[in-house]
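Got your viewer open? Here is a walk through one protein, stop by stop, with something to select at each.

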Amino acid sequence: MTTFSPTQLRDTLGSGLLCFPVTHMTAELTFDEPAFRSHLRWLAAYDARGVFPAGGTGEFFCHTLTEVGQVVRAAVAEAKPGVPVVAPAGYGTSLAVEMARDGERAGADGIFLLPPYLTELDQEGLKEHVRAVCRATSLGVIVYHRANARFTPRTFIELTEELPNLIGFKDGIGDVDVIAHLYAVLGPRLVYVGGLPTAETYALPYLELGATTYSSAIFNFAPQWASDFYTSVVKRDRDDVYARIRDFVLPYLDIRNRRSGYAVSIVKAGMTAVGRSAGPVRPPLSDLTPAELAELTELIAATDSIERVG
């Protein structure tokens, strides 16, 4: 197993597309580990540079602590040589510290710190939250800038000065000012990750801000399409990027935007549409309606480089 230092993790993640796999469920809504591991083996044939199990696309917010550990350990067991596994941490600070430590024990190569649970908080509280997690592990930590975890540039710059293993900033808000400020001051000190839902939509402008990578949920059911899209982004092939956005991403977004939570649900529906079912989503999410699944299936069938089983 490859061991990544924080700086090696930063550089590896920044060099290509990132995989945020769905978490497979049985009809009874229990973790389907064999199906999940089979899915990771299929995706390993494609060129992702990092795997983030039980992240947002993986329904982190629907799992117990024990299940998060099970998902992470399954991902570590299936890890492709040279591709780091980044374990999630979140909820309150104490639970996030516990998750970070367990992720390291499980053999993960980094920690993905999601926003604190529920409460409003100020910048000092955010600092203490990040400090506690970074100090609890020797692994590199990527922070998710989303929801109530809204960092000012000053806060994040100060944290990087005292926490050498704080190596990444994933933006799930669309805060261009913050990313531009961080990159202007810190440059390659961090890996900058595009993290808005259906990140392909914003990948090209984010690249100009210094975000060399992004989380691709579409990679779950269309890994070749997602890989080709990323290549066009890096090459700054505007014609191909916007043709793909027009022909597939925009109609995909039309379905995704119909109901809250569909950013995850539509990915599992995509798995069903290509013949690789990952099971249902867990409450409080809702699956696509049969009519919406049929619409998505038709869209995928009409899209080149999306393979289907059968």
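We start with the whole chain and then move to single helices, loops and residues.

**The whole thing**

Keep in mind as you rotate it that this is a predicted model. Show it as a cartoon first: you should be able to pick out twelve helices and eight strands. The radius of gyration is 18 Å, close to the 19 Å that the globule rule gives for 310 residues, so the protein is as compact as a globular protein of that length. If you draw a box along the principal axes, the C-alpha atoms fill roughly 55 × 45 × 40 Å. Colour by accessibility next, and 56% of the 310 residues come up as buried. As for contacts with a separation of 6 or more, 72% of them are between residues 24 or more positions apart.

**Stop one: α2 and α3**

Now for a pair of helices. Two packed helices are described by the angle between their axes and the distance between the axes. Select residues 33–43 for α2 and 65–77 for α3; their axes come within 10 Å and cross at roughly 40 degrees. An angle under 35 degrees would count as roughly parallel, so this pair is oblique instead. The crossing is right-handed.

Turn on side chains here. From α2, pick Glu 33, Phe 36, Arg 37 and Leu 40, which meet Val 71, Ala 74, Ala 75 and Ala 77 of α3. What classes of residue make up this contact? Six are nonpolar and two are charged, with no polar ones.

**Stop two: the loop between β2 and α3**

Stay by α3 and select Ala 54, which sits in the loop between β2 (48–51) and α3. Its phi is positive, about 55 degrees, although Ala 54 is not a glycine. Is Ala 54 buried or exposed? With 0% relative accessibility, Ala 54 counts as buried.

Glu 59 is in the loop between β2 and α3 too. Check its backbone: Glu 59 has a positive phi of about 60 degrees, and it isn't a glycine either. Glu 59 is also buried, at a relative accessible area of 0%.

**Stop three: α9 and α10**

Next, select 223–234 (α9) and 238–256 (α10). The axes of these two helices come within 9 Å and cross at roughly 145 degrees. On the α9 side, show Trp 225, Asp 228, Phe 229, Ser 232 and Val 233; the residues they meet in α10 are Asp 240, Val 241, Arg 244, Ile 245, Phe 248 and Val 249. The residues of this contact divide into seven nonpolar, one polar and three charged.

**Stop four: Leu 204**

Leave α9 and α10 on screen and add Leu 204, found in helix α8 (residues 203–208). Leu 204 counts as buried, at 6% relative accessibility. Which residues does Leu 204 contact, leaving aside its neighbours within four places in sequence? They are Val 233, Arg 236, Arg 238, Val 241 and Tyr 242. Val 233 and Val 241 also turned up in the contact of α9 with α10.

For a distance check, draw a line from Leu 204 to Ala 132: C-alpha to C-alpha they are 34 Å apart, with their positions 72 residues apart in sequence.

**Last stop: a cis peptide bond**

Finish at Pro 284, in the loop between α11 (262–273) and α12 (290–301). Zoom in on the peptide bond from Pro 283 to Pro 284: this bond is cis, with omega near 15 degrees.

How values were computed
Residues numbered from 1 in each chain as written. Predicted model: local features only at pLDDT ≥ 70, side-chain atom pairs only at ≥ 80, totals over all residues. Heavy atoms only, no water. Axes fitted to C-alpha atoms, helices over the stretch in contact; angles between N-to-C directions. Helix = DSSP H or I, 4+ residues; strand = E, 2+ residues; numbered from the N terminus. Parallel < 35°, antiparallel > 145°, perpendicular 65-115°, else oblique. Left-handed = near helix turned anticlockwise from the far one by under 90°. Contact = heavy atoms within 4.5 Å. Nonpolar A, V, L, I, M, F, W, Y, C, P; charged D, E, K, R; others polar. Rg over C-alpha atoms; globule rule 2.2 N^0.38 Å. Buried < 20%, exposed > 50% of the residue type's maximum accessible area, 1.4 Å probe, protein only.
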